[in-house]
Amino acid sequence: MSTSSWQDIAKQKRDSIFAAIPSDWKIQDPPSVSSQPDVTTYIEQFLSKEELYITASSADQIASRVGSGEWTAETVTRAFCHRAALAHQLLHCLHEIFFDAAIEDAKALDKYFAEHKRTKGLLHGVPISLKDQFHVKGVETSMGYVGWIGTFEGKKGTGKEKVYESEMVTTLRNAGAVLYCKTSVPHTLMSGETVNNIIGYTLNPKNRRLTAGGSSGGEGALIGIRGSPLGLGTDIGGSIRIPAAFNGLYGLRPSTGRLPYHGMANSMDGQNSILSVVGPLATNAASLRLITQAFLDQKPWLVDPMVHEIPWRYEHENSINENIHDGRGMEKRGGKLSFGVLKIDGVVNPMPPVRRAVETLVAALEKAGHEVIEWTPPSHKTLTDAGFKSWIFDAGNDVKGAFALSGEPMADQVKFYETLDTEFKASEIAATNVELRTLKKEHMDYWNSTKDKTSTGRPVDGVICPLAPFPAARPGKYTYYGYSTWVNVLDYTSVVVPVTNVDKAVDVRDEGYEALSDQDKQIQGDYDPEVYDGSHVSLQIVGRRLQEEKMLAVAEYVEKLLSKQ
């Protein structure tokens, strides 16, 4: 029986990750956070001109250039492996490194291209990073738990980690993607900050004084510093959207049953009231569209029984495109779009930069001829209170069991699980499900009613809303999730779009601010323009359930619109 302490096991794992980085890619004297908060440009000194050019490219551009023969998959893969290795040393964002296997896969793709004169799939030669919930054969999945190291989801001696892959991973390989690393998560997955006892705290590359978000925080940090062009996370309360927003990225939270989830590691598996979903994060909206199409082209409903048989619907995409400008001053047929805007939810107010971002996006849309009306839905607090019950049905027994495997402590961000001691009865779970269904109907009726307030004759096409009250949280300060979790409770589709950056000269503190509550007072008190200066500020645009094509089209349009500002 092993007598190693959890500290020893965690250190061995941490050291093994660092050891997987080639020696000539190691930074000899990494700067402190205080001396170099923003490392997005700092990292460039360690890369060649070719590597800089490649890693500055978006996933859709990479797919095009590899597909044309301009670049090889191997060259692209080596560039992103190098940048990802540098990123980890600055941000603590990787759990698993398998660069050698990735390079061999890339070589095989280049051989395929040479022999067949065509690509293997839509993602041929595109490096894809994965949140550490995805099972990749021959690669460990710890999900941030020390007790999962050397096991398969905490079970020893199964050998499944050597051969088992999540359905999503198989789908990616079939599309020609190159998999090369798995990224950090908070243990339990239930935090908007990424921290665990293996690699520590994952930092925001644009401002290392702030969090990269969670629970797909490693993805947000890695893609934010361009160590990956495109990655996959999961979202049960904001875990794709939060890191996307905090790192100035585009992110898609699809509705449940649109993309395959089968074979993923998870916390509280079997809790079906509010389900986790897989979705992409990327440096532009077109890349989100590319990977979503790549998944749907492979008919995932044939490998995952929970996926709806819904191929990519061009008519849904076109229903948006027919109502927007074409970018050259010409109006496309069909008129205009209509949006609701939720500026505050009545529980916690957004910080000044987030409020300015809302005003910026609304002004841009109105200037382009679109309509924005106030969104005044039924209580969000009721939604989030009901939704939270589903995450504590088992009184935290699943995650407590994972911690007990090693004896490691819970991070402060998830210590609320230690206070839980009473499991929900079956009748209480059923009552919660009835409540959630009733709330979904109530909000559906409200959305339908907006057709009486718009000039388009139809309900709003989407809802503009903060993703969090802050541009990014300060460490240990993520205390309110209401702006993200309402989307999960209602199972809506949501896209994240970057809007602006904090400007300390403009985004000053509200002197004499009257707080809505003690929680609101704490959050507003955490805002310091000097600390936040330069940080990304993003918003989400929310669509109805299973409206992925529409919302991706909206994200692409908004991206082009804001680029002209």
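Which strands does helix 5 lie across? Let's take that one straight away. Helix 5 lies across strand 1 and strand 3. Its direction is at about 160 degrees to strand 3.

One caution before I go on. This is a predicted model.

Now, the sheet. It is an open sheet of 11 strands, and the pairing is mixed. The order is 1-3-2-6-8-7-12-13-11-9-10. Strand 1 sits at one edge and strand 10, residues 371-374, at the other; each of them pairs on one side only. From one strand to the next, the twist averages 30 degrees.

Let's start at the strand 1 end. Strand 1 covers residues 94-97, and 3 bridges join it to strand 3. These two strands run antiparallel. If you want a pair to look for, find Ile97: it stands opposite Cys181 in strand 3.

Strand 3 has another partner, strand 2, residues 127-131. Here the pairing is parallel, over 4 bridges. Look for Leu130, whose bridge partner in strand 3 is Lys182.

So is strand 3 enclosed or open? Strand 3 spans residues 178-183, and 6 of its 6 residues are buried, so it is largely enclosed by the rest of the structure.

Back to helix 5, residues 99-116. Its axis comes within 8 Å of the axis of helix 4, residues 73-91, and the two cross at roughly 160 degrees. Helix 4 and helix 5 are therefore roughly antiparallel. The crossing is right-handed.

Who makes that contact? From helix 4, Ala73, Glu74, Thr77, Arg78, Cys81, Ala84 and Ala85. From helix 5, the list includes Phe99, Ile103, Lys107 and Asp110. By class, this contact has 9 nonpolar, 1 polar and 4 charged residues.

Now to the other part of the sheet. Strand 9, residues 338-341, pairs with strand 11, residues 462-466. That pairing is parallel, over 3 bridges. Phe339 stands opposite Gly462 in strand 11.

Next, helix 18. Which strands does helix 18 lie across? There are several: strand 7, strand 9, strand 12 and strand 13. Helix 18 is residues 548-563, and it runs at about 10 degrees to strand 12, residues 493-501.

Helix 18 also meets other helices. Take helix 11, residues 352-367. The axes of helix 11 and helix 18 come within 10 Å and cross at roughly 95 degrees. That makes helix 11 roughly perpendicular to helix 18. Helix 11 brings Leu361, Ala364 and Leu365 to the contact, and helix 18 brings Tyr557, Val558, Leu561 and Leu562. The class count is 7 nonpolar, no polar and no charged residues.

Then helix 10, residues 314-321. Its axis comes within 7 Å of the axis of helix 18, with a crossing of roughly 35 degrees. Helix 10 passes helix 18 in a right-handed crossing. On the helix 10 side are His316, Glu317, Ser319, Ile320 and Asn321. They meet Glu549, Lys550, Ala553 and Val554 of helix 18. By class, that is 3 nonpolar, 3 polar and 3 charged.

To recap. Helix 5 lies across strand 1 and strand 3, and it pairs up with helix 4 in a roughly antiparallel arrangement. Helix 18 lies across strand 7, strand 9, strand 12 and strand 13. Helix 18 also has contacts with helix 11 and with helix 10. That's the tour.

Definitions and conventions: Residues are numbered from 1 along each chain as its sequence is written. This is a predicted model: local features need pLDDT of at least 70, side-chain atom pairs count only at pLDDT 80 or more; totals for chains, interfaces and linings use all residues. Side-chain values use heavy atoms; hydrogens and water are left out. Axes are lines fitted to C-alpha atoms, for helices over the stretch in contact, and angles run from 0 to 180 degrees between N-to-C directions. Angles under 35 degrees count as roughly parallel, over 145 as roughly antiparallel, 65 to 115 as roughly perpendicular and the rest as oblique. A crossing is left-handed if the near helix is turned anticlockwise from the far one by less than a right angle, and right-handed if clockwise. Contact means heavy atoms within 4.5 Å. Ala, Val, Leu, Ile, Met, Phe, Trp, Tyr, Cys and Pro count as nonpolar, Asp, Glu, Lys and Arg as charged, and the others, Gly among them, as polar. Buried means under 20% relative accessible area, exposed over 50%, partly exposed in between (1.4 Å probe, protein chains only). Two strands pair if DSSP finds at least two bridges between them.
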